[in-house]
Amino acid sequence: DPRALMASSAVGAVITVSGTGAKGNQSASHKFVVVAEDTANKDWLIVPICTHHSAADETCIITPSDDATLVRHRSYVGYYQATIIPKRSHPVGGSVSASLLAGICSGINASEEVEPWFRDKYNRLTNPAKRAGRVLRTEE
């Protein structure tokens with residue numbers, strides 16, 4: 001549950017990471033959202049918020065009406081650039097709402113553009129059964 005994660009960690013925080021700009025402007029920065037925290041390794045799992053374009057991943061679209069403090073125009077979560085960074089001082093620009101975080105996080109398992117290693121790490125950190133090395137079985 002993203003709300004439980006938000007209460008106890010940096011999950012949901014919006015951070016700015018410099019040097020992540022597009023080709024031709026790589027010194028620019030992007031906003032990223034912390035989607036999980038690896039407390040054992042002191043890392044954050046983060047996903048970038050990118051300007052929408054015709055080839056954008058449509059899994060999670062964010063508009064100013066969703067969060068005007070996060071985006072000024074139609075944007076999307078760039079799951080293909082999801083990564084892990086060490087926890088350290090990054091400019092924090094507030095946090096996303098619980099509902100927006102839930103949409104961003106559900107996209108990690110829905111988007112075809114997420115690297116398998118990132119999806120696996122996210123699921124291990126956020127699913128208690130997987131974290132304990134067990135797989136829950138559900139009845140159909």
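**Close-up views of a predicted model**

**View 1. Asp67, a buried acid without a salt bridge.** Asp67 is buried, yet this residue forms no salt bridge: Lys31, the nearest side chain of opposite charge, lies 7.6 Å away. Please keep in mind throughout that this is a predicted model. Look for Asp67 in the loop that runs between strand E4 (61-62) and strand E5 (75-77). What does the side chain of Asp67 reach? It comes to the backbone nitrogen of Leu70, at 3.1 Å. Beyond the neighbours within four places in sequence, Asp67 is in contact with Ser95, Val96 and Leu100.

**View 2. The largest nonpolar core and its best-connected members.** This core holds 25 residues, and the ones touching the most other members are Val35, Val47, Ile62 and Ile104. Which helices and strands each supply at least two residues of the core? They are strand E2 (29-38), strand E3 (43-51), helix H2 (98-110) and helix H3 (116-126). Helix H2 gives the most, with five residues. As general background, nonpolar side chains in soluble globular proteins tend to be buried together.

**View 3. Ile104 and its contacts.** If you centre your display on Ile104, you can pick out the residues that Ile104 touches: Val33, Val35, Val47, Cys60, Ile62, Val77 and Tyr79, leaving out residues up to four places away in sequence. Among these partners, Val35, Val47 and Ile62 share with Ile104 the distinction of touching the most other members of the largest core. Apart from that core lies another, made of nine residues, including Ala10, Val17, Phe32 and Ile85.

**View 4. Buried cysteines, with no disulfides.** How many disulfides does the model contain? The count comes to zero. Cys50 is buried, with a relative accessible area of 7%. Cys105 is in no disulfide, and the nearest cysteine sulfur, belonging to Cys60, is 9.2 Å away. That separation does not qualify, because a disulfide needs a pair of cysteine sulfur atoms within 2.5 Å. Cys105 is buried too, at a relative accessible area of 4%.

**View 5. Ser18, an exposed residue in a strand.** Ser18 sits in strand E1 (residues 13-18). Is Ser18 buried or exposed? With a relative accessibility of 59%, Ser18 counts as exposed, because the cut-off for exposed is over 50%. Once residues up to four places away in sequence are set aside, Ser18 touches Ala28 and Ser29. His90 is 72 residues from Ser18 along the chain, and the C-alpha atoms of the two are separated by 9.0 Å.

Key
Residues numbered from 1 in each chain as written. Predicted model: local features only at pLDDT ≥ 70, side-chain atom pairs only at ≥ 80, totals over all residues. Heavy atoms only, no water. Helix = DSSP H or I, 4+ residues; strand = E, 2+ residues; numbered from the N terminus. Buried < 20%, exposed > 50% of the residue type's maximum accessible area, 1.4 Å probe, protein only. Lys, Arg positive; Asp, Glu negative; His and termini not counted. Salt bridge = Lys/Arg side-chain N within 4 Å of Asp/Glu carboxyl O. Polar contact = N/O pair within 3.5 Å; in protein donor to acceptor, adjacent residues only side chain to side chain. Contact = heavy atoms within 4.5 Å. Core = buried A, V, L, I, M, F, W, Y, C linked by side-chain atoms within 4.5 Å.
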